[in-house]
Amino acid sequence: QVQLVESGGGLVQAGGSLRLSCAASGSIFSIGAMGWYRQAPGKQRELVATIVSDGRIAYADSVKGRFTISRDDIKNTVYLQMNSLKPEDTAVYYCNAAIRVSPTRPLGAYWGQGTQVTVSS
């Protein structure tokens, strides 16, 4: 059984910063891509940033230059440093990871429970 546990959300004023963390635990053989998605009220879930095991990174245009994704493969943890936050960044942020639980199993997609980020104007 694999779990992704997020932390670091909260309320911040516009222009402020937050750092999200997501730790994977359980029966893990290897982890491929890890990423962050967000979903604002009344909107579809959207990709924020991803980082692949070889270090390749991709960001949504709306967060480029403000957000930084990183990972610690020893701790099986992915981070999202969010700077210069805007009210439109308000959403529930979800962690996602592609995890292989054994050498003979394919990668499976796992999600965290979500953490609320609220940016006040």
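Select Cys 22 and Cys 95. The torsion about their S-S bond is about -80°, so this disulfide is left-handed. A disulfide here is a pair of cysteine sulfur atoms within 2.5 Å. In this pair, the S to S distance is 2.1 Å. The structure holds one disulfide.

Before moving on, note that this is a predicted model: local features need pLDDT of at least 70, side-chain atom pairs count only at pLDDT 80 or more, and totals for chains, interfaces and linings use all residues. Residues are numbered from 1 along each chain as its sequence is written, and side-chain values use heavy atoms, with hydrogens and water left out.

**Stop 1: the strands around the disulfide**

Which strands does the disulfide pair sit in? Cys 22 is in strand β3 (residues 18-26), and Cys 95 is in strand β9 (residues 91-100). The two cysteines are 73 residues apart, so to speak of distant parts of the chain being linked is fair. Strands are DSSP runs (E, at least two residues), numbered from the N terminus.Are Cys 22 and Cys 95 buried or exposed? Both are buried. Buried means under 20% relative accessible area, exposed over 50%, and partly exposed in between (1.4 Å probe, protein chains only).

**Stop 2: β3, β8 and β7**

Select strand β8, residues 77-82. Five of its six residues are buried. Now add β3. Six bridges join β3 to β8, and the two run antiparallel. Two strands pair if DSSP finds at least two bridges between them. Click Ser 21: its bridge partner in β8 is Tyr 79.

Next, add strand β7, residues 67-72. Six bridges join β7 to β8, also antiparallel. Thr 68 stands opposite Gln 81 in β8. Follow the chain from β7 to β8: they form a hairpin with four residues between them. Which residue in this turn has a positive phi? Asn 76 does, at about 55°.

In a regular strand the side chains alternate between the two faces of the sheet.

**Stop 3: β4, β5 and β6**

Select strand β4 (residues 30-39) and strand β5 (residues 46-51). How many bridges join them? Five, and the strands run antiparallel. Met 34 stands opposite Ile 51 in β5. The two strands form a hairpin with six residues between them. In that turn, Gly 42 has a positive phi of about 80°.

Keep Ile 51 selected and add strand β6, residues 57-59. Three bridges join β5 to β6, which run antiparallel. The partner of Ile 51 in β6 is Ile 57. This hairpin has five residues between its strands, and Gly 55 takes a positive phi near 100°.
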